[in-house]
Amino acid sequence: MTGTRTITIANRGGAVFEVAARRPLLETLREQGVDLPYGCKCGGCITCAAKLVEGRVDQRRQTALNNRQLSHGYVLLCVARPETDLTLEIGVESHDKLYRNPFLDPLEPHELKADIATPKEA
Ligand code: FES
């Protein structure tokens, strides 16, 4: 069906859910009993982050993830809508690459959010 997507949760035994393509994943998965952490519900706090293993989401409304986190596949489920069928890892155990110590391992300029990153010298 065109209005639904199949979501596989890799770290919950491969559990499969059918969700509406146009609604945020946090809502549609929680309605089906998936226990997910969340805070602000508006893409600003990272509490709901999950790791996208396969597929594509529209998360244009997210404001919290930097380029390093995006490159590791993180998506914010409270604003992410599934553009394709997806495989996700959810919950805090998916957060292994979400945070890092900024004093021990500072971000490189290209890993900052696009609007504050300094373009690389050619
Ligand atoms: S709940 Fe805050 S970013 Fe999703």
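Here are a few exercises with worked solutions on the strands of this structure.

The model is predicted, so local features need pLDDT of at least 70 and side-chain atom pairs count only at pLDDT 80 or more, while totals for chains, interfaces and linings use all residues. Residues are numbered from 1 along each chain as its sequence is written, and side-chain values use heavy atoms, with hydrogens and water left out.

**Exercise 1.** Work out how β1 and β2 pair, and which residues stand opposite each other.

Start with the terms: strands are DSSP runs (E, at least two residues), numbered from the N terminus. Two of them pair if DSSP finds at least two bridges between them. Next, find β1 at residues 4–9 and β2 at residues 15–20; they pair in the antiparallel sense over six bridges. Now go residue by residue: T6 stands opposite E18, and I7 stands opposite F17. Last, look at the hairpin, which has five residues between the strands; there G13 takes a positive phi near 70°.

**Exercise 2.** Sort the residues of β1 by covered and uncovered face.

A handy rule first: in a regular strand the side chains alternate between the two faces of the sheet. In β1, the covered face holds R5, I7 and I9. T4, T6 and T8 make up the uncovered face.

**Exercise 3.** Follow β7 to its partners, β1 and β3.

Begin with β1: three bridges join β1 to β7 (residues 86–89), and the two run parallel. Here T8 stands opposite T87. Then turn to β3 (residues 49–54), which pairs with β7 in the antiparallel sense over three bridges. On this side, K51 of β3 has E89 as its bridge partner.

**Exercise 4.** Put the sheet together: what is the strand order, and which strands stand at the edges?

The order is β2-β1-β7-β3-β5, five strands in an open sheet with mixed pairing. β2 and β5 (74–76) stand at the edges; each has a single partner strand, so one side of each lacks a neighbour in the sheet. On average, neighbouring strands are turned by 40° against each other, direction ignored (axes are lines fitted to C-alpha atoms).

**Exercise 5.** Place P109 and say how exposed it is.

First, P109 lies in the segment after β7. Its relative accessible area is 40%, so P109 is partly exposed (buried means under 20%, exposed over 50%, partly exposed in between, with a 1.4 Å probe and protein chains only). Finally, the C-alpha atoms of P109 and N67 are separated by 9.6 Å, with the two residues 42 apart along the chain.

Technical notes: Helices (H or I, at least four residues) and strands (E, at least two) are DSSP runs, numbered from the N terminus. Axes are lines fitted to C-alpha atoms, for helices over the stretch in contact, and angles run from 0 to 180 degrees between N-to-C directions.
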